[in-house]
Amino acid sequence: MKSHADIRSDRILCVLFCMFIAGFFFVSLIKPQTGFSEFENRYMNKKPEFSLKGVMTGDYMKKYESYVTDQFPLRNQWITCKTLTERAMLKSEINGVYFASDGYYIEKQDKKELCSEQSVKNQETLVTFATRQQEELGKEHLAIMLVPTASCVLREKLPVLAWEDVQEKLLSQIKERLPKEAWVDVYRHLYEHREEEIYYRTDHHWTTLGAFYGYNAWREQQGMEPVAQTDYKRTCLSDSFLGTLYAKVSLGMKPDRIYAFERPLGALRMKLDRAGEWKDSLYSYEKLSTRDQYAVFCDGNHALTEIETSVKNGKHLLLIKDSYAHCLAPFFVEDFERITMMDLRYYNGGVEAFIKDNQVTDVLLVYNMAGFATDKFVNKLIK
């Protein structure tokens with residue numbers, strides 16, 4: 001039987017715990033909602049509008065749970081505590097991130113999402129688009145580059161019990177369905193150089209070195225000779241880059257370095273979303289002082305990014321892409337007079353109409369494989 005002192009102690013602990021919960025609830029009520037999280041580089045979920053239909057279907061509670069999770073006070077500090085606790089329990093995968101060998105954080109790819117109905121629809125759309133554009137532009141003027149993520153190429157670094165990655169199988173399936181001449185075999189080029197730093201350790205993107213091998217894969221598809229690293233001036237833009245995967249676990253580690261590969265090829269300029277002034281560089285150096293340092297390449301995500309080079313060959317490349325193309329795009333400035341980068345997540349028009357209306361001579365589609373499988377905007381390719 002508990003003594004009076006023990007009972008009093010339990011009551012005090014219970015009151016303190018209730019005060020702690022109530023305090024967090026009160027703070028969450030008066031705390032302004034976070035819109036864009038620079039730390040996680042994404043928009044946070046807002047409080048959903050209440051509706052009886054949403055409650056009945058469960059949709060409201062699902063959205064409310066996501067809202068509470070995103071807007072929780074001291075969210076980043078709690079993520080750190082959670083990570084430390086789970087690492088102490090010897091967990092090798094936390095919040096969708098594997099703690100891999102050689103100091104890598106590697107994003108876990110969900111097999112269900114990669115093989116989902118959306119993925120099947122996107123594959124069908126891509127095949128239709130590629131077939132049409134090869135007929136319109138010619139076989140040598142269309143290229144498809146689906147880039148496998150680190151969990152596929154660096155699979156030897158994953159923990160023993162990591163999920164099977166199906167990206168290689170998907171790439172093979174898509175390759176078989178596409179026009180033969182259109183496929184860029186970037187997987188082989190990356191796998192051959194898997195011991196090099198072709199992916200960031202703290203971020204889901206490939207590095208500029210990885211993009212360099214991607215560029216050579218495209219040159220091979222075009223029947224061109226490969227270029228050498230020594231052809232470029234390699235400049236370190238940052239030695240303090242902590243990317244999206246670091247944000248998911250919020251656990252200190254050695255930052256990545258961001259490099260630019262450049263060649264003196266004459267004047268070039270860039271305009272964003274067909275508005276504002278032309279910039280005399282493809283690098284937005286001011287982004288290096290923000291959380292999203294990767295946006296130094298072509299200023300990050302925009303609906304349209306236009307590039308004019310000093311090359312005079314009349315060739316206009318439409319680069320349909322996700323963010324994997326940002327550090328890849330500068331390699332093409334010696335091959336095309338004009339380059340237009342298009343992000344289907346933000347561009348509201350149709351791709352086929354744009355090609356016809358803007359004298360596009362060549363098309364290159366660049367997505368990371370996992371992103372392509374889940375992107376809900378790929379249907380714009382055939383509009």
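Biologist: What makes the reach of helix 10 close to the expected one?

Modeller: Helix 10 has 14 residues and spans 20 Å from its first C-alpha to its last, close to the 20 Å expected at 1.5 Å a residue. The expected span is defined as 1.5 Å times one less than the number of residues. This is a predicted model, in which local features need pLDDT of at least 70 and side-chain atom pairs count only at pLDDT 80 or more, while totals for chains, interfaces and linings use all residues. Residues are numbered from 1 along each chain as its sequence is written, and side-chain values use heavy atoms, with hydrogens and water left out.

Biologist: Why is helix 10 called a helix?

Modeller: A helix is a DSSP run of H or I with at least four residues, and a strand is a run of E with at least two, both numbered from the N terminus. Helix 10 has 14 residues, so the length requirement is met.

Biologist: What makes helix 10 mostly covered?

Modeller: Of its 14 residues, 13 are buried. Buried means under 20% relative accessible area, exposed means over 50%, and partly exposed lies in between (1.4 Å probe, protein chains only). After helix 10 comes Gly223, whose phi is positive, near 80°.

Biologist: Why is strand 6 described as largely enclosed?

Modeller: Strand 6 is largely enclosed by the rest of the structure because 6 of its 6 residues are buried. Leu142, Ile144 and Leu146 point one way, Ala143, Met145 and Val147 point the other way, and all are buried.

Biologist: What makes strand 6 an edge strand?

Modeller: Strand 6 (142-147) belongs to an open sheet of 7 strands with the order 6-14-12-13-11-9-10 and mixed pairing. Strand 6 and strand 10 (275-279) are its edge strands, as each pairs on one side only. The twist averages 15° from one strand to the next.

Biologist: Why are strand 6 and strand 14 said to pair?

Modeller: Two strands pair if DSSP finds at least two bridges between them. Strand 6 and strand 14 (residues 362-368) have 6 bridges in the parallel sense, so the condition is met. Ala143, for one, has Leu364 in strand 14 as its bridge partner. Helix 10 (residues 208-221) packs on this sheet, touching strand 6 and strand 14, and its direction makes about 145° with that of strand 6. Such angles run from 0 to 180 degrees between N-to-C directions, and axes are lines fitted to C-alpha atoms, for helices over the stretch in contact.

Biologist: What describes the packing of helix 6 and helix 8?

Modeller: The axes of helix 6 (residues 117-137) and helix 8 (residues 167-177) come within 10 Å and cross at roughly 30°. Gln123, Glu124, Leu126 and Val127 in helix 6 meet Leu170, Ile174 and Arg177 in helix 8, where contact means heavy atoms within 4.5 Å.

Biologist: Why is Glu262 called partly exposed?

Modeller: Glu262, in strand 8 (residues 256-262), has a relative accessible area of 29%, and is therefore partly exposed. Leaving aside neighbours within four places in sequence, Glu262 is in contact with Tyr232, Lys233, Thr235 and Tyr283. Glu262 and Pro330 are 68 residues apart in sequence and 7.8 Å apart in space, C-alpha to C-alpha.
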